[in-house]
Amino acid sequence: MPWGIIVDCSSVALGGLLGGTLGKYFPQRICDYLSKFFGITSIAVGINLIGQTQSLSPVILALLLGAIIGEALKLEEHMDQLPMRFGCAKGDSIFVQKYTSVLILICFGSLGLIGAMTEGMTGDSSLLFIKAMLDFSGGAIFAASLGISVALVALPQFVLYLLLFFGASFIMPYIDTRIIADFSACGGVIALTAGLRIADIKPIRIASLLPALLFVIPVSGLWHRMLG
C-alpha cells in the first residue's frame, strides 16, 4: 500500500480544509503575508536543492528543452484552466496565478516526486512523511489566503504520485545519486520560480518549465555517462 502517498495527499487536503475554514477569522493582510512568507521559504528550499548538484549544465539543458516544449504546448494557459475546472476561480488573474503556483509547488516538488518513486521501488515512505508535514502547514497557509479550494490540489497530486509509484520499477534502476541530485536541482529551480510568483516578486510562466522534469533524467544520465 502506498501509505506515504496517502498520508501526504491527506495532509494537503486537511491543511487546505483547516486553513480555508480558519482563514476567515484572520485579517486578509495576515493571510496574504503568510502566503508570501511561504513563497520566500520556497525560494530558500529551491536554492538549497540547486546547490546539491555537481554540475548545473545538464539541469540547465533540461530546463531549456522543457521551456521550449512547455511554451509550444501553451502549458501555462492549460494550467490556468484548472482552477475553473475545480469550480474555484474567482475571475481574478492574480488568484489564478497563485493557485496554479501552489498546485505546481505541491504536486511537482522534487521531494514528493522522488519520494513517490522511492516508495514504489523500496517501500520506504520516509520522504513522503517529511513532505506531509510541510504540505500540511503549506496547505493551511495558502488556503487561509486562497480559500478552501486549495484542498482540491490533493486530487491531481494523488493521481500523479500513484503513476510514479507504479512506474518506479521502470525508472529507478537507471537513476544514481548524481541523477537524483540533478533531478532535485531541476525541481529546485521550479520551486524557486513558484516562490517568486507566490511572493509577488516576479510573475514568471512557471508551468512551461514542467516538461524539464521529464527531460532531466535522460539528459543527466547521458551527460554523466559521456563526460564522467
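Is Ser11 buried or exposed? Ser11 is buried, because its relative accessible area is 8% and the cut-off for buried is under 20%. Keep in mind for this view and the others that the model is predicted.

**View 1. Ser11 in helix 1 and its partners from far along the chain.** Ser11 sits in helix 1, which covers residues 3-22. Once residues up to four places away in sequence are set aside, Ser11 touches Ala132, Asp135 and Phe136. A good pair of C-alpha atoms to pick out is Ser11 and Met133: they are 122 residues apart along the chain, yet 7.3 Å separates them.

**View 2. Helix 2 and the helices it packs against.** Helix 2 takes in residues 28-50. Its 23 residues should span 33 Å at 1.5 Å a residue, and the end C-alpha atoms are 33 Å apart, so the two values agree. The buried residues here are Cys31, Ser35, Phe38, Gly39, Ser42, Ile43, Gly46, Leu49 and Ile50. They pack against four elements: helix 6 (93-107), helix 7, helix 8 (126-146) and helix 10.

**View 3. An aromatic pair between helix 2 and helix 8.** How many aromatic pairs does a search of the whole structure find? It turns up three. One of them is Phe38 with Phe142, an edge-to-face pair with 5.2 Å centre to centre and 80 degrees between the planes. The angle earns that label because edge-to-face starts over 60 degrees. This pair ties together distant parts of the chain, as Phe38 belongs to helix 2 and Phe142 to helix 8, 104 residues apart. Both Phe38 and Phe142 are buried.

**View 4. Helix 7 from end to end.** Helix 7 has 13 residues and reaches 18 Å from its first C-alpha to its last, close to the 18 Å expected at 1.5 Å a residue. Its buried residues are Ser110, Gly112, Leu113, Ile114, Gly115, Ala116, Met117, Thr118 and Glu119. Just after the helix comes Gly123, with a positive phi near 85 degrees.

**View 5. Ser110 and its contacts.** Zooming in on helix 7, we find Ser110. Ser110 counts as buried because its relative accessible area is 2%, and buried means under 20%. Leaving out neighbours within four places in sequence, Ser110 is in contact with Leu49, Phe183, Ser184, Gly187 and Gly188. Of these partners, Leu49 is among the buried residues of helix 2, while Phe183 is among the residues that line the largest cavity.

**View 6. Met117, also in helix 7.** Met117 lies in helix 7 too. With a relative accessibility of 4%, Met117 is buried. Apart from neighbours within four places in sequence, Met117 is in contact with Leu164, Ala168, Ile171 and Met172. Compare that with Ser101: Met117 and Ser101 are 16 residues apart along the chain, and their C-alpha atoms are separated by 23 Å.

**View 7. The cavity and its lining.** Which residues line the largest cavity? The list is Ile114, Met117, Met172, Ile175, Ile180, Phe183 and Ile217. Two elements give two or more residues to this lining, namely helix 7 (110-122) and helix 10 (177-198). Sorted by type, the lining residues are seven nonpolar, no polar and no charged. The volume of this cavity is about 40 Å³, and the structure holds one cavity of 30 Å³ or more. Met117 and Met172, both in the lining, are also in contact with each other.

**View 8. Lys74 in a loop, with a positive phi.** Lys74 is not a glycine, yet its phi is positive at about 55 degrees. The residue falls in the loop between helix 3 (57-72) and helix 4 (75-79). Why is Lys74 called exposed? Its relative accessible area is 53%, and exposed means over 50%.

**View 9. Asp200 in a loop, with a positive phi.** Asp200 is another residue other than glycine with a positive phi, this time near 60 degrees. Its place is the loop between helix 10 and helix 11 (212-227). At 44% relative accessibility, Asp200 counts as partly exposed.

Methods: Residues are numbered from 1 along each chain as its sequence is written. This is a predicted model: local features need pLDDT of at least 70, side-chain atom pairs count only at pLDDT 80 or more; totals for chains, interfaces and linings use all residues. Side-chain values use heavy atoms; hydrogens and water are left out. On a 1 Å grid over the protein atoms alone, a cavity is a set of points where a 1.4 Å probe fits but cannot get out, and a pocket is an open set with protein on both sides within 12 Å along at least five of seven lines; lining residues have an atom within 4 Å of a point. Grid points are joined across faces, edges and corners, and a volume is the space filled by probe spheres set on the points. Ala, Val, Leu, Ile, Met, Phe, Trp, Tyr, Cys and Pro count as nonpolar, Asp, Glu, Lys and Arg as charged, and the others, Gly among them, as polar. The expected span of a helix is 1.5 Å times one less than its number of residues. Buried means under 20% relative accessible area, exposed over 50%, partly exposed in between (1.4 Å probe, protein chains only). Contact means heavy atoms within 4.5 Å. Rings of Phe, Tyr and Trp (its six-membered ring) pair if their centres lie within 6.5 Å; planes under 30 degrees apart count as stacked, over 60 as edge-to-face and the rest as tilted.
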